[in-house]
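Visitor: Please show me the complex, and then take me through the contact between its chains.

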Amino acid sequence: MMEITHKSLRFFRSLLIIASISFLFTGCDNDGGEVIPEPPYSPYLNNGLFVLNEGNFGGGGGSLSFLNLDSLTLSNDIFYSKNQRPLGDVPLSLMLLDSTVWIVVNNSGRIEVAQRQNLASVATVAGMTSPRHMLPLPDGRAYVSDFASPLIHIIDMNSYSLVGSVSVKQSTEALTLARGRVFAACWSNYGFEGHNNNMVLVVDPATNLVVDSVMTGKEPQSMVVDKNEKLWVLCSGGWTGDEFPTLYRINPRSLEAEQIYTFGDINSAPAWLCANGNADSLYFINGGIYAMSVIAADLPDQPLIAPETHLFNSLAVHPKTSEIFVADAIDYQQKGLVLRYRANGTFIAEYRAGIVPGRMVFTAK
Amino acid sequence: MQGFGAGCTAISGSDGARIRKGVLWPKTASLIATALMWFCFAQNVLAQMIFDTIDLKVVEIQSQRYDRSAGYKALVIDSATLRAHALGSLAELLTTSTSLFVKSYGQGTLATTSIRGASAAHTQVIWNGININSPMPGQTDFSAVPVLFIDRAEIYYGAGSARFSSGGLGGSVLLNTVTDWQNKLRVIAQQQVGSFSTFRSNALVETGNQRLQLSTRILHYQSKNDYPYLNIGASRTNPPTDHRYNAGWQQTGLLQQAFYRPDDNTTLSLRLWVQDNDRNLPPNMLVQVPENNESYQQTNVRAVAGAVHYFGKSKLTVQSGFIHSLSKYENVISFINTQNHISSLLNEAGYTCQSAENLLFTVTGKFDYHQVNSENYAQLQQRRQGSLTGSAFYNPWPELQLNLLVRQEAIDKTWAPLSPAAGFNYQPLLSFPLKIKGNMAMNFHAPSLNDLYWSPGGNPDLKNETGYTAEAAVAWNEKYGAVSLEAEAGWFYSDIDQWIVWQPDTVFSYWTPRNLKNVVAKGIEARLALKAKMPNFSWALSLNYSFTSATNRRPLSLNDHSANQQVIYVPDHVLNANASLAWKGFTLYYFANYTGRRYTTSDNSRYLPPFFTSDVHINKSFLFGKSAVEVGLAINNIGAANYQLIAWQPMPLRNYSFFIKYLFSK
């Protein structure tokens, strides 16, 4: 009996030793979160572009990268590295001001504001549901579209705060300014049954009221204003292939659709309409990368850049050199590619950015 | 039931009568006697050992003679471990007592497992002979399976899963309830109070005689689950302590069973499992949403009626199961509010014949029908799945045992690939306890109904995932005085092709599944278990280790850096240690788990670091005649490890629970 008791005590003791080892194990200072490598340093004022990597919805893998076009180095996770915290869930769009960077973090419902030169966090504007795009106005305010809320948020960019809203009664996506008025694309009516997903709203920024609207094709996905101050709206035609995709040229004053270009394939979904620096050429993704002049009579038949093995996820055109930057998210679970092409479509180089590279914004104007 | 397939399960309850007649299991009678003797001698040990009766029988009865798992890897979770988690879920049970990696968003939330580098849908979960994987995602939520509704849990790895169903490319988890025909009345009531406003109450009443046994088990568990965590999403270097929100959950369940033996050769069983699971879904730590934004509620009704009949040297089993599941998912800010109704009929008939002293044949036919009415599908969808399986156990010499199996399945009028499996156990010297085991199998996994029909994205053109697997192991099982030793070490290899991956569609960019990857998994598994039972003191120690290398062999293009990289969320090393010590009514349990690196990106550029957690439970029981009261305290994650199983989903730090349990038995 004594023997057994003794043995059991020994056993208890060995358990205690195991238990204390377990404390040792947990003593090391990892914080249990994703291990994210430190990027090489590169100043963000240089000639280059910010690449916003969305990550996957709910996955928290979003990040910010910077491609320096002088040194040709790409630095990943630069917001994280400076601030020791991630941007948030699905950083979707980015706006550069003189000294600040504004990043709309969609699924986190907030906007991160950072100093442009080193990305040190300046402020966080929270309180939005599903913010999408941000449009700075000349008076120091900005409009922010929202996928899941029937309003456009108004931000005071000096105080970094939400100061009001424009009641639009439904979801909005792309925002652009033309002839002093804000154009807000109604890309989705999901959750807002009875509302349109084939319309662009016109908002007067002085009164914050919807003053008019213009009908377009289904799902106006992206918009640009050309050198003639015409508004171009690229409509995907509906995510189930409801109608032929279209490209609208709209007179922003009369709201007349001056020309409607219709795509030939109902099972295509053109997206990411961009313009070059002179705003005389338009670019978009439709499998490959297409380019057209703003005075073209028809849509281009041949891509400027064929997709080959790529699945193009986003597009940007350098405002000075008209070089074309395209992102490929590969399997959406690994560091995606940023591909650089000359203006004529010849390949120059590729870089590995973050997970699901999306919006790309140049430092040059 | 799965013929004898379910092995000990079938034997323990409904087949008890047959065992005593000694036709199929001539040597088992003495094993039972041994088991019962153990019980008699040990009765002064622990109150809880009253309830070992069933378990001892179950374990001891497993006949060496007809070992239908010979050659395959099976892990049986012992009754003491099940008891230690009697108030928990299958997710917690597997996390603490096996080297399986259970991926979850935290206590009470969706939990799935990956076995040997395969996906969650490659784990088949079979409860009392019916496959409870939901036909929609093709998987089971382990957090919604209460340990109270399980008397026996076994994991069959790789080829070993072929006996029970197709689709277990990783393996199968078998969960069974058993009946003790000697029972007159048994009552258990338990109440637990734990950290984060967690309350668990359950009760069990089992009564009957040698002809009829009735069993009722009920539970209500709930938790606010608002645990504090270090918010590294807000600051990595100086994380504030935040509280998990919108993570509350509750479960209410009933398991009603009736077992009847009209004669010594026949057993009839009826089981009804009704459970309601209601939970809020917490966002990751980078997302702020209103409380109650996202929730999931599910009501499952599962019923199984079965009959087992013996005649001559044959056994006939017939079983029919019905599952109805209603689930509601709501996400307020995303405007999602959907309902899914699933009805399944699962039928099986098996015939087993002992055609010679050393040869056992089984033929099993199955027919399953699933119907899904989901707001996520464009229309009502159905699946009809039928299979015919033939298997044989052959024991040509005492040193060698062979298992062979072949299954032909058809799904919706399409033939699935023929699925064979074979395993052997070889003991070169009968006087020396070293066994060599090996197996090979070809199997397939049909796409889930979500894969095929989800709207938008579902891809009706998906092919079956196909897999082959092989394994070799050495085992050493021996008793040294009062100490029994089980040791096993093995190597496995599996190759799963046409692996289904959801990725954005090339045009409209909504997600769609395609047969994209070829995943080759290989690794090592080792187990060491020691157990000792002495008149007034017992102890047990088990170690489970696995190393898994699971890599993608088919990149999408040259740009795809997932080539030859570890599949995401498959840990490389997992080591698990369990120890228990019982002495004078005290029981001390220690559970430790080390989980290695899990990559979160397919190119392995990001990962979650390894973590180590350990739990200690201290229980004390008091005997009062035929009653016993047991109280216990558990300290979980004693090292307060800050870890995540899914990126940016924090897990609880150190937490506590206290329980009181009342038992009565006569």
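Guide: A salt bridge here is a side-chain nitrogen of Lys or Arg within 4 Å of a carboxyl oxygen of Asp or Glu. This is a predicted model, in which local features need pLDDT of at least 70 and side-chain atom pairs count only at pLDDT 80 or more, while totals for chains, interfaces and linings use all residues. Residues are numbered from 1 along each chain as its sequence is written, chains are lettered from A in the order in which they are written, and side-chain values use heavy atoms, without hydrogens and water.

Visitor: Which residue of chain B meets Glu34(A) in a salt bridge?

Guide: The rule finds two salt bridges across the interface of chain A and chain B. One of them joins side chains at 3.3 Å, N to O, and the partner of Glu34(A) is Arg606(B).

Visitor: How much area do chain A and chain B bury between them?

Guide: Buried area is the accessible area (1.4 Å probe) that two parts lose on being put together, summed over both. Of this area, 63% lies on carbon and sulfur atoms, and the total is about 5500 Å².

Visitor: Which three residues supply 12% of the area that chain A buries against chain B?

Guide: No other three residues supply more. They are Asp31(A), Glu34(A) and Trp239(A).

Visitor: What is the mean pLDDT of chain A?

Guide: pLDDT is the predictor's confidence in each residue, from 0 to 100. In chain A, 90% of the residues reach 70 or more, although residues 1-5 fall below 50, as do residues 21-29. The mean for chain A is 90.

Definitions and conventions:
Contact = heavy atoms within 4.5 Å.
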